[in-house]
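Here's a quick walk through one protein model, from overall confidence down to a single residue. Have a look at the structure first, then read on.

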Amino acid sequence: ATTAYIVMSCLPDGLANTQATVEPEHLLCPVSMCMYRDPVFTSAGNTYEREPLLQFWESSDIIKDPQANIPCSRMVITNWDKRREVERFL
């Protein structure tokens with residue numbers, strides 16, 4: 001079953017849109033809770049929005065996957081499948 005939340009859509013500058021949108025949970029970054037625009041994989045295999053992930057790493061003592069809580073590489077790979085899912089939803 002797909003869970004959907006009513007969330008405030010995030011704008012590029014990080015501000016919330018004033019119009020609430022129902023966005024499926026699987027299209028939301030677990031760090032920012034905003035819909036993906038530039039989704040990337042970590043070496044642990046989890047997907048995040050690029051900029052919030054990089055900000056998370058800047059604020060951390062070690063480079064680790066936010067969900068798995070294990071060390072990972074700084075290298076990230078664009079998640080094209082997730083990006084296409086978002087485009088289909090929009």
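## How far to trust it

Averaged over the protein chain, pLDDT comes out at 86, and 77% of the residues score at least 70. Keep in mind that this is a predicted model.

The start of the chain calls for some care: residues 1–8 have pLDDT under 50 throughout. The model still gives that stretch 23 contacts beyond four places in sequence. Where pLDDT is low, the predicted coordinates shouldn't be read in detail.

## The sheet and its helix

Now for the sheet. It's an open one, built from three strands in the order 4-3-5 with antiparallel pairing. Strand 4 (47–49) and strand 5 sit at the edges with a single partner strand each, so one side of each has no neighbour in the sheet.

Helix 1 packs on this sheet and touches strand 3, strand 4 and strand 5. The direction of helix 1 makes about 95 degrees with that of strand 4.

Two bridges link strand 3 (residues 39–41) to strand 5 in the antiparallel sense. If you want to find the pairing on screen, look for V40, whose bridge partner in strand 5 is T78.

## Zooming in on P71

Where does P71 sit? You'll find P71 in the loop between helix 1 (50–58) and strand 5 (77–78).

Is P71 buried or exposed? P71 has a relative accessible area of 62%, and the cut-off for exposed is over 50%, so P71 counts as exposed.

Leaving out residues up to four places away in sequence, P71 touches I63 and K64. As for A44, 27 residues away along the chain, its C-alpha atom is 8.3 Å from that of P71.

Note on methods. Residues numbered from 1 in each chain as written. Predicted model: local features only at pLDDT ≥ 70, side-chain atom pairs only at ≥ 80, totals over all residues. Heavy atoms only, no water. Helix = DSSP H or I, 4+ residues; strand = E, 2+ residues; numbered from the N terminus. Buried < 20%, exposed > 50% of the residue type's maximum accessible area, 1.4 Å probe, protein only. Contact = heavy atoms within 4.5 Å. Pairing = 2+ DSSP bridges. Axes fitted to C-alpha atoms, helices over the stretch in contact; angles between N-to-C directions. pLDDT = per-residue confidence, 0-100.
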